[in-house]
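Got your viewer open? Load the model, switch to cartoon, and let's take a walk through it.

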Amino acid sequence: MSDQSRFTRRGFLGSTLSAAAGLVVLHPVETSEASTESNESHAGSTGPVRPFPLKQVRLLAGPLRDAQALNAQYLLALPQDRLLHTFRVNAGLPSGAQPIGGWEKPDCELRGHFTGHYLSA
C-alpha cells in the first residue's frame, strides 16, 4: 500500500473536523442568550439540542454514582510515592519507593501514562 492511499488517524481527524466545520457554516448554532430565552418554550420537545448550565446537572443515587465513589476510593488508595518513583528518578531526585509496576515500570515505554490519568482524575 502506498503512503498516499494509507488511511491514518491524522487524516481521519482532519476529515472529521473539516466535515464538522462545514456543518457549522451551513447551520450556524444559535447563541446561548437566545437559547436561554427559549429554553422553557422547548421543554420536552424533540427538536435540536440546546445548551444548558452545568448547575442543572445532578448525579443522583444509582449505579453511576456508585461507580464514581468506587473510582474515587481506588484512586485515593493508590500509593503516591510509588506512582511518582519514575518521575523523581527522571528528574534526578532521590526516590526510595518501589516502582508501582505495570505501565509505570521504569523500563516500560508507556511509563507516566497511568500517572497522567491519575492526575486528571
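We'll start with the whole chain and then zoom in on two spots.

**Stop 1: the whole chain.** Keep in mind that this is a predicted model. Colour by secondary structure: the protein chain has six helices and zero strands, so to speak an α-α-α-α-α-α run when you read from the N terminus. Now turn on a surface. The accessible area of the protein chain is about 10500 Å², and carbon and sulfur atoms hold 61% of that. How much of the chain counts as buried? Of its 121 residues, 11% do. If you draw a contact map, look at pairs with a separation of 6 or more: residues 24 or more positions apart make up 19% of those contacts in the protein chain.

**Stop 2: a nonpolar patch.** Select Phe 7, Phe 12, Leu 13 and Leu 17 and show their side chains. Together these residues make a nonpolar surface patch of about 480 Å². To place the patch on the cartoon, use Leu 13 as your handle: Leu 13 sits in helix α1, which spans residues 9-26.

**Stop 3: Thr 86.** Next, select residues 85-90, which form helix α5, and pick out Thr 86 within that helix. Is Thr 86 buried or exposed? Thr 86 counts as buried because its relative accessibility is 8%, under the 20% cut-off. Which residues touch Thr 86, once neighbours within four places in sequence are set aside? Show Glu 104, Pro 106 and Arg 111 as sticks: Thr 86 is in contact with each of these.

Methods:
Residues are numbered from 1 along each chain as its sequence is written. This is a predicted model: local features need pLDDT of at least 70, side-chain atom pairs count only at pLDDT 80 or more; totals for chains, interfaces and linings use all residues. Side-chain values use heavy atoms; hydrogens and water are left out. Patches are made of residues with over 30% relative accessible area and no salt bridge: like charges are joined within 9 Å, nonpolar side chains (Val, Leu, Ile, Met, Phe, Trp, Tyr) within 5 Å. Accessible areas come from the Shrake-Rupley method with a 1.4 Å probe; for residues, only the protein chains shown count as cover. A salt bridge is a side-chain nitrogen of Lys or Arg within 4 Å of a carboxyl oxygen of Asp or Glu. Helices (H or I, at least four residues) and strands (E, at least two) are DSSP runs, numbered from the N terminus. Buried means under 20% relative accessible area, exposed over 50%, partly exposed in between (1.4 Å probe, protein chains only). Contact means heavy atoms within 4.5 Å.
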